[in-house]
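Biologist: I'm new to this one. Could you show me how to read it, step by step?
Modeller: Gladly! Let's put it on the screen.

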Amino acid sequence: MLETGDRHSLGPEARPRLRRGVRLQHSPAHGGYVLLAPERVFKADAIAAAILARCTGEATLSAIVDDLATLYGAPRERVLGDVSALLAGLAEKKLLEW
Amino acid sequence: MVNAEPFRSPPAPLAGEGGRGRAAEPPGLPRPLGLLAELTHRCPLGCPYCSNPLALEGRDAELDSATWARVFREAAALGVLQVHLSGGEPAARHDLIEIARAAREAGLYVNLVTSGIGLTGERIRALAEAGVDHVQLSIQDSEADSADRIAGYRGAFRRKTALAAEIVRLGLPLTVNAVVHRANIDRIAAMVELAAALGAGRVEIAHVQYYGWALRNRAALMPTREQVERAAATVAALRARYRRQIVIDSVVPDYHARFPKPCLGGWGRRSLNVTPAGRVLPCHAAEVIPGLEFWSVRDHPLAEIWEHSPAFRAFRGTAWMQEPCARCPRREQDFGGCRCQAFLLTGDAAATDPVCHLSPRHHEIAALAAAQADRPYRYRRMPASAGA
């Protein structure tokens, strides 16, 4: 069985993606984005949604951080910290892999 | 339909100011998150633990796919995020693919709750393409002969395991729902091993809850206390052993618990259930409570039913509670337990669920939990006139 996500740490060349069965969905009723998974739902604020929308398995962590640092005009180190923390938490919940 | 339990809590925030806690509920009417769509009561299996009502609805009464599509759109607008396509056996509907596609197009997360019987490889591929996000497949045991005997259907086990392989091959996430009772509770480890071998990401050890057909078969299904205690130890050991491979969900079976289950996270608070004929219930067993007035999606928009129908208003909040619930510090945590169970066991739907150790009737639960009888199952069957 393929095991990704929790075997090795999240490096700059990792290409994070939502696991199959996990979906980012816009919900007008909830006024924003929600992350949907089997028997679980999470509310994604604007920043979390911006991060997750880029986790397609194509972009590297490094590219995602560059992109968001430019978009928000924020220091790269801080963006890297925020993104890494969110992605590690999601991998722990088995919602994301790389 | 076995044991679909829509989630009980509002969405947890992923990041930002909410930290690890739950998102704050806006004041006013709560927002439903889950919809149990009972597409049909028809089912080829006869499981004696089925929680469907004894009075099953026939094919002629079923909503058509266009009505389901409207219900899904109304549900999404109301806040529902996940739909559980259930039954009966949803695959008994020839228009299941169309229904699943409509649910996905409404923006809902589509969970297919199935026995697997009636789903060919070709059909499951079409369902995946139509937007089914996740499949929950029931198994009756780890051994074919016993599984088929419980299901009342020869060959069911072999067909289920073949279908599971196809689901996993397609990359669809799979949960195996293992319904547990006296005849198979000693094989929980083998059932988890089977689920893992089939490639499921998650397995639910679903202890039977006594509604509908299961209530009728209670003494034949009830595990002994020793079995329940062994099962709890087994599950703990399995969780450690399979930690990296499969998620194991299990709760203490009702009649052996100290506190009642917070039924669906509170009456009319998190979820709703639409019957094959279109009646909207706060939970799938609610029709056992006499005197409740249920409205139908044929006559009212879903939002109006959620807010105004007498059945949803009957036990929403805490104002209806009696002692010991009314002043209990856990009243907003377990909501007095299950209203249907309170009625079924005490005759009063507003009583404390007798599963709670604070209920004056709790001793009766202990007596029922100790009542085992090896009598033949009364299998779930449609009445001859219902057009099964």
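Biologist: Among contacts in chain A between residues at least 6 apart in sequence, what percentage join residues at least 24 apart?
Modeller: Keep in mind that this is a predicted model. In chain A, the share of such contacts joining residues at least 24 apart is 55%.

Biologist: Thanks! Which elements does chain A have, and in what pattern?
Modeller: Chain A has three helices and five strands. Along the sequence they run β-β-β-β-α-α-α-β.

Biologist: How does the radius of gyration of chain A fit that of a compact globule?
Modeller: We set the value against a rule based on chain length. A compact globule of 98 residues would come near 13 Å, and chain A agrees because its radius of gyration is 13 Å. Of those 98 residues, 46% are buried.

Biologist: Now the partner chain. How many residues does each chain bring to the contact?
Modeller: Chain A brings 27 residues and chain B brings 36. Together they bury about 2500 Å², with 57% of that on carbon and sulfur atoms.

Biologist: Which side chains form the salt bridge between the chains?
Modeller: Look for Arg23(A) and Asp133(B), whose side chains meet at 2.8 Å, N to O. The count of salt bridges between chain A and chain B is one, while nine residue pairs are in polar contact.

Biologist: Which element gives the most to the side of chain A that touches chain B?
Modeller: That is E4(A), with five residues. By type, this side of chain A divides into 14 nonpolar, four polar and nine charged residues.

Notes. Residues are numbered from 1 along each chain as its sequence is written. Chains are lettered from A and ligands numbered from 1 in the order in which they are written. This is a predicted model: local features need pLDDT of at least 70, side-chain atom pairs count only at pLDDT 80 or more; totals for chains, interfaces and linings use all residues. Side-chain values use heavy atoms; hydrogens and water are left out. Contact means heavy atoms within 4.5 Å. Buried area is the accessible area (1.4 Å probe) that two parts lose on being put together, summed over both. A salt bridge is a side-chain nitrogen of Lys or Arg within 4 Å of a carboxyl oxygen of Asp or Glu. A polar contact is a pair of N or O atoms within 3.5 Å; within protein, one must be able to donate a hydrogen and the other to accept it, and residues adjacent in sequence count only if both atoms are side-chain atoms. Helices (H or I, at least four residues) and strands (E, at least two) are DSSP runs, numbered from the N terminus. Ala, Val, Leu, Ile, Met, Phe, Trp, Tyr, Cys and Pro count as nonpolar, Asp, Glu, Lys and Arg as charged, and the others, Gly among them, as polar. The radius of gyration is taken over C-alpha atoms; the globule rule is 2.2 Å times the number of residues to the power 0.38. Buried means under 20% relative accessible area, exposed over 50%, partly exposed in between (1.4 Å probe, protein chains only).
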